[in-house]
Amino acid sequence: MNERALRILEYDKIIRMLTEHASSPLGKRECEALLPMSDIHTINLAQTETADATGRLLRKGRITFQGNTDLFRAIANLNLGGSLSASELLRIAALAECAAKVQDYGKKEREEEPSDSLTQLFEELVPLTQLSREIRRCILSEEEIADDASSTLKHIRRSKVLTGEKIHSQLNTMVNSTYRTYLQDAVITMRNNRYCIPVKAEYKGFVNGMVHDQSKAGSTFFIEPAAVVELNNKIQQLSIEEQEEIEKILAELSAKASEFTVELTTNQQNLTKLDFIFAKGNLALELNASKPVYHEEKSLHLRKARHPLIDKKKVVPIDIRLGKDYDLLIVTGPNTGGKTVSLKTTGLLSAMGQSGLHIPAGDNSELCVFNEIFADIGDEQSIEQSLSTFSAHMTNIISILDKADDNSLCLFDELCAGTDPTEGAALAISILRHLHNRGIRTMATTHYSELKVFALSTDFVENACCEFNVETLSPTYRLLIGIPGKSNAFAISRKLGLSDDIIDSAKGEISAADESFEDLLSDLEQSRITIENERLQIEEYRKEIQSLKEQLNRKQEKLEQSRERILREANEEAREILQEAKDTADKAIRAYQKGTTIQEMEKTRQKLRDKISSKDSSLKENAPKANHVILKPEQILIGETVEIVSMGMKGNISSKPDAKGDLFIQCGILRTKANIKDLRLVEEKPAAKEKTRKSNYSGAFSKSASISPEINLLGKTVDEALAALDKYLDDAYLSHLKSVRVVHGKGTGALRSGVHRYLKGVSYVKAFRLGEFGEGDAGVTIVEFKG
């Protein structure tokens, strides 16, 4: 793709933004070399990689590749059997450590997590942990090798320290006593890597040794005393041995590193590529960009596109379509209205997409592959070539017409401006018709009204305009496709204060046809604004309906949850009430059978009555007021069936009301106290009344007359048998049977064991045993009740 067009579209600024997100020199180099591609499969792969990197950044956060430095020469040296320097080995260690961190970042969080386009790059990384640890152990910095790098190096350095201490000891003796008066200063210094003492010039002959240097004034000589020459020579020898040992250590480390040249090369390449891809991902997050959809058709549809170099808070998103219903789009409107930005946005986003970068536009924006993007935008006046603005533009246009084909995108800003308007308009129409006939996708901006008419009268050519608010004298920067733009020169001039006489005179200079055309544009603009407002209102209604629908669904869901909870709580409460009633009845029967006195039973009954009254009061307070007819005392007849409204219980009247209206109601085995105001008569059929009357006399004996002294549990499961047994034992006990037979059979013994376990927990069972010979043996259990 031609560099001139990319420069005009400011593609280089996007590359600089991308480069800032790369964290390694090699990654930055890869970003700087990025250019638009023309193969759709390569582009789609690059877009997928960017999308996968963006997803990982959102899930796991940022990642750095700072240890990835250029090691291609060092690796080549290793392949030739060479030895590396300490700094090169440290960079190899840093590369290995970077590979380990990046590989750990790329690991799947869950085993079932699907792979993406970056998985293989992460998996191919080799940490080389042992190699990096060995290098770090031996090399502390580029200038320092660790003493523990080898035992020989440690011994040499220890010897150097001891020798140096001996030299200092002897020289200190000389400085502080023997040669004290001969010295310029009582110090020990170094000259030519040998220990010396500063001797005054006049005492030079008094100190036996080698002169290594003298001061500029000649007053001081730096002499190495003969007594330490041998020790200094030893230090020099040890230094040579130390350097040889260091070179040996570096050679050994290099030999170890040479075993992993393939892995190092793979790490270098993969880390560089990952750094480049994650830089694209970070740029996508910075621009709030999305992945474009590429197709084989030569058309594009940018949804809510934003120019990436304009502040996100200020830029106005625009929709751009080109190539499907029309291949030529002519954009008109006033200056500074956003026409040029629309052109640049189209070209720049196309170049970004073909470079594998996400574009700052809405989801599902569509792009196609252009082999070339041509742009003629901005002032191209050339003083050096003595070309006017028009000539410079025309030179560029001629070059574009010569090189463009049906796989190109052409962008023209103010086509054929800078010359006579009539000739310029005619020339612009001819150029655009030429491109249109060749099927080349083209966008052009213009002020020429003739081009608006050309777009209206030519198939597959469309008008567009950048909206302008005449009231505020400011553009809205919205691109409106399908509507030609109006210059608004008269309206703007009147708003700025130009007299009506001048404006009316100017209108008189315009032909009737031109004035009629401008009026038509005004009517179209007004209709568009009306339709747009109605569309926005409909959209608001739709959102409001959707919100109400969601609220209704949430309310319905809450009601369903409340209903289930209320039913569950009611069932639990009912079960507790039934259990409590059963326990109370059992306790009362046992007390009666034991011969409890009437007074004690009355106390127990009074406690129970008080408890029921307390519950009644609570229910009366919380229950809604029932609409029923209040009974009169003369309507109260003993034996009449009534309903206690607050409790929802039915019973028979057993006493006349007192002065307060209180009376007793017999509800089954319970006798409760109620007020006449809380009662409602229950109409019963004659047969039901007869049955009720009979039951008052025979209820105590009916069950004992029909209950069997034996229950057969054969063929039932343990759960089914225990449920049947529980009811049977209650009935048998209430019928005053002294003992019963439970037939469970022998079988596996599971049913017998379950029955025995259950009997142990029944409070009114005195004892139980297996049947004896003639009673059913082990297939029967005899149960005795308490007296």
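Guide: Let's start with a word we'll need: a residue counts as buried when its relative accessible area is under 20%, as exposed when that area is over 50%, and as partly exposed in between. By that rule, 39% of the 787 residues in this chain are buried. Keep in mind that what you see is a predicted model.

Visitor: What makes up the secondary structure of the chain?

Guide: There are 22 helices and 25 strands. As for the surface, about 44500 Å² of the chain is accessible, and carbon and sulfur atoms hold 51% of that.

Visitor: What share of the contacts with a separation of 6 or more comes from residues 24 or more positions apart?

Guide: That share is 67%.

Visitor: Why does His295 count as buried or exposed?

Guide: Just set the value against the cut-off. Buried means under 20%, and His295 has 18% relative accessibility, so it counts as buried. You'll find His295 in the loop between strand E7 (293-294) and strand E8 (300-305). Leaving out residues up to four places away in sequence, His295 touches Ile40, Glu366, Leu367 and Cys368.

Visitor: How do you know that the backbone oxygen of Glu297 makes a polar contact with the side chain of His295?

Guide: A polar contact needs N or O atoms within 3.5 Å, one able to donate a hydrogen and the other to accept it. The Glu297 backbone oxygen is 3.0 Å from a polar atom of the His295 side chain, which fits the distance limit. The backbone oxygen of Ser299 is 3.4 Å from a polar atom of that side chain.

Visitor: And Asn364, why does it count as buried or exposed?

Guide: Here the mark to beat is 50%. Asn364 has 52% relative accessibility, so it counts as exposed. Asn364 sits in the loop between helix H12 (339-354) and strand E11 (366-367). Its phi is near 65°, a positive value in a residue that isn't glycine.

Visitor: What about Phe460: why is it called buried or exposed?

Guide: The relative accessible area of Phe460 is 53%, so it is exposed, given that exposed means over 50%. Phe460 lies in the loop between helix H15 (449-457) and strand E15 (461-469). Phe460 also has a positive phi, about 60°, without being a glycine.

Visitor: What makes strand E12 (residues 372-376) largely enclosed by the rest of the structure?

Guide: Four of its five residues are buried, so E12 is largely enclosed.

Visitor: How do you know that E12 and strand E13 (residues 408-412) pair?

Guide: Pairing takes at least two bridges. E12 and E13 are joined by five, so they pair, and they run parallel. Glu372 stands opposite Ser408 in E13.

Visitor: What makes E3 and E5 edge strands in their sheet?

Guide: That open sheet has four strands in the order E3-E4-E6-E5, with antiparallel pairing. Strand E3 (189-191) and strand E5 (209-214) each pair on one side only. Neighbouring strands here are turned by 50° against each other on average, ignoring direction. Three bridges link E3 and strand E4 (residues 194-200) in the antiparallel sense, and Arg191 has Arg194 as its bridge partner in E4. Helix H9 (residues 151-178) lies across E4 and strand E6 (220-225), at about 5° to E4.

Visitor: Why is one side of strand E22 (710-712) and of strand E24 (765-770) left without a neighbour in the sheet?

Guide: They stand at the edges and have a single partner strand each, so one side of each is left free of a neighbour in the sheet. The order is E22-E23-E25-E24, an open sheet with mixed pairing. E24 and strand E25 (residues 780-785) are joined by five bridges and run antiparallel, with Val765 opposite Phe785 in E25. Helix H22 (residues 750-760) packs on this sheet, touching strand E23 (739-743), E24 and E25.

Visitor: Which residues of the largest nonpolar core touch the most other members?

Guide: Of its 94 residues, those are Ile92, Val102, Ile135, Ile139, Ile145, Leu274 and Phe278. Helix H6 (residues 86-106) supplies the largest share of this core, eleven residues. Apart from it lies another core, of 24 residues, including Ile400 and Val461.

Technical notes: Residues are numbered from 1 along each chain as its sequence is written. This is a predicted model: local features need pLDDT of at least 70, side-chain atom pairs count only at pLDDT 80 or more; totals for chains, interfaces and linings use all residues. Side-chain values use heavy atoms; hydrogens and water are left out. Buried means under 20% relative accessible area, exposed over 50%, partly exposed in between (1.4 Å probe, protein chains only). Helices (H or I, at least four residues) and strands (E, at least two) are DSSP runs, numbered from the N terminus. A nonpolar core is a set of buried Ala, Val, Leu, Ile, Met, Phe, Trp, Tyr and Cys residues joined through side-chain atoms within 4.5 Å. Contact means heavy atoms within 4.5 Å. Accessible areas come from the Shrake-Rupley method with a 1.4 Å probe; for residues, only the protein chains shown count as cover. Axes are lines fitted to C-alpha atoms, for helices over the stretch in contact, and angles run from 0 to 180 degrees between N-to-C directions.
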